[in-house]
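Reader: I should like to learn how the features of a protein model are read. May we go through one together?

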Amino acid sequence: LLDGARELTLKTNLGKTWHFVLKPSTRATVNVKDETVTLGIPERLDQKRLHRHLWNVLAWLMKTDIEQFVHLCNERTFQSRISAIKIRAMSSQWGSCSSRAIITLNPALLCVPFELFEYVVIHELAHTVHKNHSVRFWAAVSEHCDNFTERRKNLNQKRIIKL
């Protein structure tokens with residue numbers, strides 16, 4: 001879409017498929033009907049703002065699904081208290097966990113293989129128990145995430161597109 005296409009079908013790793021359609025508009029609008037998302041895009045919206053807008057729309061569309069997945073992972077792993085789950089486009093991180101147990105995930109995770117998305121969620125959940133990347137932190141990640149070193153390596157080979 002950033003290269004001029006007006007339509008795109010995106011299948012997320014959580015099993016939802018969205019068909020995005022861009023239409024010229026006087027203001028930014030979002031209209032969702034079934035799996036079709038029609039975006040009104042003003043001419044003045046530059047590529048950087050369009051990029052951020054597209055990620056924000058995807059985050060909004062998938063927020064409930066992502067939250068359900070995080071809670072499911074938490075139930076089967078650390079069973080820790082999560083203050084909030086935020087979905088926010090970030091240019092240099094896949095995810096983060098604050099000292100107050102607020103987990104923030106990059107919506108770009110919806111476009112990587114599922115096992116990499118799952119690794120990031122488990123990684124951030126581990127931070128609700130271990131606040132740093134100590135040996136105990138990595139042991140906790142390893143306990144709940146098969147092949148975590150391979151997943152981490154594969155994720156590090158992915159590039160987050162700068163916003």
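Author: The following dialogue goes from the whole chain to a pair of helices and then to single residues. Please keep in mind that this is a predicted model.

Reader: How many helices and strands does the protein chain have?

Author: The protein chain has 4 helices and 7 strands. Their order along the sequence is β-β-β-β-α-β-β-β-α-α-α.

Reader: How is the radius of gyration of the protein chain to be read?

Author: The value is set against the one that the globule rule gives for a chain of that length. Here the radius of gyration is 17 Å and the rule gives 15 Å for 163 residues; the two are close, so the chain is as compact as a globular protein of that length. Along the principal axes, the C-alpha atoms fill a box of roughly 55 × 30 × 25 Å.

Reader: What percentage of the residues is buried, and what part of the accessible surface belongs to carbon and sulfur atoms?

Author: A residue counts as buried under 20% relative accessible area. In this chain, 46% of the 163 residues are buried. The accessible surface comes to about 9500 Å², and carbon and sulfur atoms account for 47% of that area.

Reader: What do the contacts say about residues at least 24 apart in sequence?

Author: One takes the contacts between residues at least 6 apart in sequence. Of these contacts, 46% join residues at least 24 apart.

Reader: Let us turn to the helices. At what angle do α1 and α2 pack, and how far apart are their axes?

Author: Helix α1 spans residues 47-76 and helix α2 spans residues 114-126. They pack at an angle of about 65°, and their axes lie 10 Å apart. The crossing of α1 past α2 is right-handed.

Reader: Which residues meet where α1 and α2 are in contact?

Author: From α1 come Ile66, Phe69, Val70, Cys73, Asn74 and Arg76; from α2 come Phe114, Phe117, Glu118, Val121 and Leu125. By type, the residues of this contact divide into 8 nonpolar, 1 polar and 2 charged.

Reader: Is Arg76 of that contact buried, partly exposed or exposed?

Author: Arg76, in helix α1, has a relative accessibility of 43% and therefore counts as partly exposed. With neighbours within four places in sequence left aside, Arg76 is in contact with Glu118 and His144. A separation can also be given both along the chain and in space: Arg76 and Arg136 are 60 residues apart in sequence, and their C-alpha atoms are 19 Å apart.

Reader: Which residues does Val120 contact, leaving aside its neighbours within four places in sequence?

Author: Val120 belongs to helix α2 and is in contact with Trp94, Gly95, Leu105, Leu109 and Leu155, when those neighbours are left aside. Its relative accessibility is 3%, so Val120 counts as buried. The C-alpha atoms of Val120 and His51 are separated by 22 Å, and these residues are 69 apart along the chain.

Reader: How far apart are Leu50 and Leu1, in sequence and in space?

Author: Leu50 and Leu1 are 49 residues apart in sequence and 9.0 Å apart from C-alpha to C-alpha. Leu50 lies in helix α1, and its relative accessible area is 10%, so this residue is buried. Beyond neighbours within four places in sequence, Leu50 is in contact with Leu1, Leu2, Ile41 and Leu45.

Reader: Is His130, in the loop between α2 and α3, buried or exposed?

Author: His130 has a relative accessible area of 13%, and it is therefore buried. Its contacts, with neighbours within four places in sequence left aside, are Arg136, Phe137 and Ala140.

Reader: Why is a positive phi worth noting in a residue other than glycine?

Author: Most residues other than glycine have a negative phi, so a positive value departs from what most of them show. In this model, Gln79 has a phi near 50°, and Asn147 has one of about 55°.

Reader: Where do Gln79 and Asn147 lie?

Author: Gln79 is in the loop between α1 and β5, while Asn147 is in the loop between α3 and α4. Gln79 counts as exposed at 62% relative accessibility, and Asn147 counts as exposed at 55%.

Methods: Residues numbered from 1 in each chain as written. Predicted model: local features only at pLDDT ≥ 70, side-chain atom pairs only at ≥ 80, totals over all residues. Heavy atoms only, no water. Axes fitted to C-alpha atoms, helices over the stretch in contact; angles between N-to-C directions. Helix = DSSP H or I, 4+ residues; strand = E, 2+ residues; numbered from the N terminus. Left-handed = near helix turned anticlockwise from the far one by under 90°. Contact = heavy atoms within 4.5 Å. Nonpolar A, V, L, I, M, F, W, Y, C, P; charged D, E, K, R; others polar. Rg over C-alpha atoms; globule rule 2.2 N^0.38 Å. Buried < 20%, exposed > 50% of the residue type's maximum accessible area, 1.4 Å probe, protein only. Areas by Shrake-Rupley, 256 points an atom, 1.4 Å probe, with all protein chains shown as cover.
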